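Trainee: I'm new to this one. Could you walk me through it, one question at a time?

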Amino acid sequence: MEFLVIHGLNALLYSSVLFLIAGGLSLIYGVMRIINLAHGNLYAIGAFVTAWTIGTASAAGAPNAVLLLLLPTGAIVAAAVGAILEPTLLRPFYKRPEEYQLLVTFGLLMVLEDLIHLVWGPNPLSAGRVYENFGSITIGGARYPAYNLAVIAVGIIAALFLWAFIYRTRFGIVLRATSQNMRMASALGVNVNRIYIQAFTIGCFMAGLGGAIVVPGQSAVLGMGVDALILSFVVVVIGGLGSLEGAFAGALIVGLVREAGVALFPEVELAVLYLIAAIVLFVRPAGLFGRA
Amino acid sequence: MQKHRSLLRTLAWAVPVAIALTAAPHVVGPFQTLTLLYGLVFGIAVLGFNLLLGYTGLLSFGHSAYFGAGAYTVAFMVKYFKIASMELFLAGSVLVSVIISLLFGVVCVRYTKIFFGILTLALSQVLWSLAFKFFWVTGGTDGLRIPTPSLLGAPPGADKMEFLTFQYYYYVLAIFTVCVIVMWVIVHSPFGKALQAIRDNETRAEFIGIRIRRYRLIAFVVSGAFAGVAGALWAPLNGLATPDVLVWTFSGEIVFMAVLGGFNSFIGPIVGAVAFTYLKTYAVGFTVYWQLLLGTVLVVLVLALPKGIMGMVELLVAKVRRPR
C-alpha cells in the first residue's frame, strides 16, 4: 500500500512538471507550427532563476513567505525571454521551410545552454529551504513531502486554467482561429503577430513554471533542459503534437511509465517509453489526440 | 561534349584537392593531420546524412544513432570477439548500422518534415539510453576502449601517433574517396534522380510511378550505412566509444556540418564537416563557452547564409565570371 501511494504520487508529481513543459511545447506548435528545440532551455532558465532568487533571498535572511512569493520569478523570466525571442529570432522563419526553424532553434539551444553556464556557473543551484518548510504529511501510512503535493496541485490548476483560457475566453477563440488558419484569421482582422508573441510567451511561461516549481525539490543543473526536451517529445508524440489534451494524457502516461520504470525496470525505462511512443504512432499516426 | 566539359571542370578542382589531401601528413604537423582526419571521417557521415537532407528533403535529427552504432560495433567486436582487423570492423559496422537504420527507417519514413525530425531524434535516444544504462555491457559513460587496429592484415606499429597520422590517415583517405565516388554515382543514378523528384514534389513523383516510401527507406538505409562507416573509422581514431556519440546533440552537429558547408551542393557536406571540425577544435581550445560561439555561428548562418560555404563560393565565382 505504502509502495503504491508513494509511487503513485511520484508519478503524478512527474506528470505535472512534464505537462507544464510539454504543454508549452505543444501550444507553441499548435499555434505557430514550429518546434522549439530550445524549449527545454526555457525550463532550465526557469529553474535557475528561481533557485538563484530564492537562494539569494534565503541567504539574506528573508522570511519564508517571501521565499514562496519569489517562486514564480523563474516563470516570469522565461516568459520575458520568450517574448524577446519570438519577434527577433523566430519571426523571419515562418515563411521558410521547417528545416530552418529546427536549425535556428538548435543554434538557440546551444547559445542558451552556455548562457546559463555563463551566468550561473557550473555548480548546481537549489532552493531547498522552501521544500523543507513545507514539511511532510502522512497519507495511507506513508510519509510524503507536502511540497510535492503542492507541485501536483500546480500542475492540475495550470491544466484547468489553460483549458478555460483556450476554450472559454475570447482570446482563446482568436488563438484557436489563428491555429486553424493563420491567413484567414489575419484576413478577418486578427493581429497574427501579436497572437504569435502571446502564444510563444505563454508556452515559455509554462516551461519556466515547470522549472520554477521543480527546483525546491531538486537542484538546477546544467543539461537539465536537454533531458526535459527529449521527454516532452515523447509526451507530445504520444499525445499528439499541438493538442493540450494530448499533452495532458501523454504526460500522465509518461509519468506513470517512468515511475514504474524507475521502480521495476530501471535499465530499459527510457527504451520502454520510446517503444510506447512508437506503438502509438503505428496505431494512430497523429498521436492519441492529434488531428491528422 | 557537355558531359566532357563538366568532367573536366570537376577534375580541375578535384585533382588539386586530392593532391593536397595526399600530401597533408608530410606537409603539416601531426595535430593538423589529426584534425583533418577527424574532418574526413565526419565528412563521410555528413555525406550520407545529406543524401536524406539535400537529395530526399528529409531532415534527420538522429544520425548519431547510426554513427554511434558503427563505433559501438567496433568496440563490441574488440571486447567480446577479440577482433583487431579494421576490414572486419567496417563490415560489421555497416551490417549493424544497416539493420538499425532499416528498423528505425520503417517507422520514420512514414512521416516527413518536423515529425520525421523528432522521430529520428527520439529513436536515436533509445540507443543512447541503452548504451548509458547497460553499463556492464557498454561501459556506461566510461565507454569502451578501442586499441589501434590492424590494417589489411598488417599489425600497427608501436607509435600510435605515427600510425594515426600516416597509415591510418591514408587508409581513411582511401575509404573516404571510395565513399565520395559511391555517393556521386548514387545521386547521379536514376535512383538519385527519383529521390530528388520526391524532394521537389512528392505528389508528382508518386504520379509518375515512384514508390515514395520504399525510395525514402532505401535512401535512409544508405544514409545510415555511410554514418556507420564513419563511426567505425572514428572509433580507433578516438580510441574510446562513449555514449556521447549517440546523444542527439551530436546529431545536431552533423546537421550543423551539412548546413555550414551547404546542403544544396554535393561537396558542401564534406567542406562543412572539415570546416566544422576545425571551427570546433579551435573554439573548444579558445573558450569553455564554445557552444555559445558555435550556436551563434549557426543562427547567423541560417539567417544570413542558408546555402553555406559552397553557396558563398558559387556566388563569388559568379561575380568573378561576370564582373560589373
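Mentor: Sure, and keep in mind that this is a predicted model. Let's start with helix H4 of chain B, whose buried residues pack against H3, H5, helix H7 (160-188) and helix H10 (212-238) of chain B.

Trainee: Which residues of H4(B) are the buried ones?

Mentor: Counting as buried takes 20 or more other C-beta atoms within 10 Å. In H4(B), the residues that pass are B:Met86, B:Phe89, B:Gly92, B:Ser93, B:Val96, B:Ser97, B:Ile100, B:Ser101, B:Phe104, B:Gly105 and B:Cys108.

Trainee: How far does H4(B) reach from its first C-alpha to its last?

Mentor: H4(B) runs over residues 86-108, which is 23 residues. At 1.5 Å a residue you'd expect 33 Å, and the model comes close to that, with a reach of 31 Å.

Trainee: You mentioned H3 and H5 of chain B. At what angle do the axes of H3(B) and H5(B) cross?

Mentor: H3(B) covers residues 64-81. Its axis and that of H5(B) come within 8 Å of each other, and they cross at roughly 35°.

Trainee: And how many nonpolar residues does the contact of H3(B) with H5(B) have?

Mentor: On the H3(B) side you'll find B:Ser64, B:Ala65, B:Gly68, B:Ala69 and B:Tyr72, and they meet B:Leu123, B:Ser124, B:Leu127 and B:Ala131 of H5(B). Sort that contact by class and you get no charged residues, 3 polar ones, and a nonpolar count of 6.

Trainee: Now the two chains. Which helix gives the most to the side of chain B that touches chain A?

Mentor: The contact takes 31 residues from chain A and 32 residues from chain B. On the chain B side, the elements giving two or more residues are helix H5 (113-133), helix H11 (248-261) and helix H13 (290-304). That side divides into 21 nonpolar, 8 polar and 3 charged residues. With 12 residues, the one that gives the most is H5(B).

Trainee: What about the inside? Which residues touch the most other members of the largest nonpolar core?

Mentor: That core has 199 residues, and helix H1 (residues 2-32) of chain A gives the most to it, with 16 residues. One of the two residues you're after touches B:Val41, B:Phe42, B:Ile44, B:Ala45, B:Phe67 and B:Gly70, leaving out residues up to four places away in sequence. The pair that touches the most other members is A:Val234 and B:Ala230.

Trainee: Where does H2(B) bend?

Mentor: H2(B) spans residues 30-56, and its end C-alpha atoms are 38 Å apart, which agrees with the 39 Å its 27 residues should span. Since 22 of those 27 residues are buried, H2(B) is largely enclosed by the rest of the structure. Just after it, B:Gly57 takes a positive phi of about 75°. As for the bend, it is about 40° and sits at B:Asn50.

Trainee: Over in chain A, which residue with a positive phi follows H11(A)?

Mentor: H11(A), residues 224-239, has 16 residues and reaches 22 Å, close to the 22 Å expected. Because 14 of the 16 are buried, this helix is largely enclosed by the rest of the structure. The residue that follows has a phi near 110°, and it is A:Gly240.

Trainee: Which residue has a positive phi of about 60° although it is not a glycine?

Mentor: Look in the loop between H1 and helix H2 (39-59) of chain A. The residue there has 16 C-beta neighbours inside 10 Å, so it counts as partly exposed. It's A:Arg33.

Trainee: Which residue of chain B does A:His117 contact?

Mentor: A:His117 lies in helix H5 (residues 98-120) of chain A. It has 17 C-beta neighbours inside 10 Å, so it is partly exposed. Leaving aside neighbours within four places in sequence, A:His117 is in contact with A:Pro122, A:Leu222 and, from chain B, B:Tyr289.

Trainee: Last one: is B:Ala174 buried or exposed?

Mentor: B:Ala174 is in helix H7 of chain B. Its C-alpha is 9.8 Å from that of B:Thr22, with their places 152 residues apart in sequence. The cut-off for exposed is 12 or fewer other C-beta atoms within 10 Å. B:Ala174 has 10, so it is exposed.

Key
Residues are numbered from 1 along each chain as its sequence is written. Chains are lettered from A and ligands numbered from 1 in the order in which they are written. This is a predicted model: local features need pLDDT of at least 70, side-chain atom pairs count only at pLDDT 80 or more; totals for chains, interfaces and linings use all residues. Two residues are in contact if their C-beta atoms, placed from the backbone, lie within 7 Å. Helices (H or I, at least four residues) and strands (E, at least two) are DSSP runs, numbered from the N terminus. Ala, Val, Leu, Ile, Met, Phe, Trp, Tyr, Cys and Pro count as nonpolar, Asp, Glu, Lys and Arg as charged, and the others, Gly among them, as polar. Axes are lines fitted to C-alpha atoms, for helices over the stretch in contact, and angles run from 0 to 180 degrees between N-to-C directions. A nonpolar core is a set of buried Ala, Val, Leu, Ile, Met, Phe, Trp, Tyr and Cys residues joined through C-beta atoms within 7 Å. The expected span of a helix is 1.5 Å times one less than its number of residues. The bend at a residue is the angle between axes fitted to the seven residues ending there and the seven starting there.
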